[in-house]
Amino acid sequence: MNDSYMDALQQYEGETVSVRRGRGAWVCERTDGIRLLKEYRGTVKRLEFEECILNRLKELGTASVDQYVRNQEGNLLSTAPDGTKYVLKEWFTDRECSLKDNREILTAVSRIAGLHRALRQIPWQEEWDSGSMTAPELSSEMERHSREMKRARTYIRGKRKKSDFELCVMQHFEAYYEQARDAQEGLKRLEGRQSQNRLFLCHGDLDQHHVLIGAGDVAFIEFNQMHRGNQMADLYRFMRKVMEKHGWDQGLGLSMLESYDRVLPAGREDRDCLYCLFLYPEKYWKQLNYYFNANKAWIPDKNTEKLRSLDEQEDSRRRFLEVIR
């Protein structure tokens, strides 16, 4: 077993009481609190960017977030003798938000709005205008995904004998591709009208795994995808996971939007952006992209079932799109 993580832990103040594996890292009970130690392959500049934002969020007192801990030499990165680099974070023992509990879902959404409001109070700095701190336009991402969908369809269409999965793909491709085209064109028009003043800091990877529910508090973790962009992408990502789990329940969807608006009212452009994001058939694209980049000689039955489940939920999804338009 590689014990280099123990060498890294010794570079921090305090003593380690116990260590267990968790979240692809090591959850450490230390004399100064619960910490998470994990390997890091990014740049120091990226870490400094995250630390700056997380410190400001802590000062604003709006949300609990996983802060970085500097080592005894004052560095964010600690390097073990074998060259492996690590970061240490303040951590939480709370559990992930349950997508089965409507009250937890609505609480999480209202706190997401609070997080977004706090992030809007943090002024953007010129030195952050590079690399992963700024994300490409959402419409550009959609266009890339649509090209990947067409590439998979072209491959499947050229096959003489098609599997059940491939037949499912071909059966509904045109309808989903039309949605993709309409979504990216709508989003491109919005981006053309949108000023830089409507771009704010975003979490970047906001789903139920990164929202922790504690006793009377909510914590947000893993800001390693944080960037400047459209905050509706954060809200969409969380809401889409919920809506898929609940069969596109209109009532729940509208309740989430109301919970968000009570804290941070969404304007017309925000709602139009959210509509375009929901219109794009992301789950369908994911299945095609996985298929195209995997071993096509054997396609798991669960992938075919996922496509069929999409078709079964499509009417409910369309009705939800109509009410938020």
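**Entry 1: F278 and the cores**

I began with F278, which touches Y236, M239, R240, W248, R317, F320, L321 and I324, where contact means heavy atoms within 4.5 Å and residues up to four places away in sequence are not counted. I note that this is a predicted model, with local features needing pLDDT of at least 70 and side-chain atom pairs pLDDT 80 or more, while totals for chains, interfaces and linings use all residues. Numbering starts from 1 along each chain as its sequence is written, and side-chain values use heavy atoms, without hydrogens and water.

Next I looked up the largest nonpolar core, which has 78 residues. A core here is a set of buried Ala, Val, Leu, Ile, Met, Phe, Trp, Tyr and Cys residues joined through side-chain atoms within 4.5 Å; buried means under 20% relative accessible area with a 1.4 Å probe, protein chains only. F278 turns up again here, among the residues with the most contacts inside this core, together with I53, L57, V211, F220, F238 and Y284. Helix α5 gives the most to this core, ten residues. I also found a second, separate core of eleven residues, with L9, W26, A80 and Y86 among them.

**Entry 2: a glutamate in α2**

Is E50 buried or exposed? I find E50 buried, because its relative accessible area is 2%. E50 sits in helix α2, residues 44–60; helices (H or I, at least four residues) and strands (E, at least two) are DSSP runs numbered from the N terminus. Setting aside neighbours within four places in sequence, I list Y68, F223, N224 and M226 as the contacts of E50.

**Entry 3: β1, β2 and β3**

I followed strand β2, residues 25–30, and its two partners. Why call β2 largely enclosed by the rest of the structure? Five of its six residues are buried, so the description holds.

On one side, β1 (residues 16–22) pairs with β2 in the antiparallel sense over six bridges; pairing needs at least two DSSP bridges. I picked out S18, whose bridge partner in β2 is E29. The two strands make a hairpin with two residues between them, and R23 in that turn has a positive phi of about 55°.

With β3 (residues 33–39), β2 shares five bridges, and these strands also run antiparallel. Here I noted C28, whose bridge partner in β3 is R35. The β2 to β3 connection is a hairpin through two residues.

**Entry 4: the open sheet**

I then traced a four-stranded open sheet in the order β4-β11-β10-β8, with mixed pairing. β4 (64–65) and β8 (95–96) are at the edges with a single partner strand each, so one side of each has no neighbour in the sheet. Between β10 (residues 211–213) and β11 (residues 218–220) I count three bridges, antiparallel, and L212 has A219 of β11 as its bridge partner. V211 and F220 have already appeared in Entry 1, among the best-connected residues of the largest core.

**Entry 5: the largest pocket**

What is the volume of the largest pocket? I get about 1100 Å³. On a 1 Å grid over the protein atoms alone, a pocket is an open set of points with protein on both sides within 12 Å along at least five of seven lines, and a cavity is a set where a 1.4 Å probe fits but cannot get out; lining residues have an atom within 4 Å of a point. Of the 39 residues that line this pocket, P136, L138, E141, H227 and A233 are the closest to its centre. The elements giving two or more residues to the lining are α4 (138–157), α5 (164–193), β12 (227–229), α6 (232–245), α8 (268–279) and α9 (282–293).

**Entry 6: the closed cavities**

How many cavities of 30 Å³ or more does the structure hold? I find two. The largest has a volume of about 140 Å³. Of its 15 lining residues, W248, P281, K283, L310 and R317 are the closest to the centre; W248 and R317 are also among the contacts of F278. Helices α6, α9 and α10 (301–324) each give two or more residues to this lining, and α10 has the largest share, four.

The second largest cavity has a volume of about 30 Å³. I list L187, L190, E191, Q194, N230, E269 and C273 as its lining. Two or more of these come from each of α5 and α8, with three from α5 as the largest share.

Terms used. Points joined across faces, edges and corners; volume = space filled by probe spheres on them. Buried < 20%, exposed > 50% of the residue type's maximum accessible area, 1.4 Å probe, protein only.
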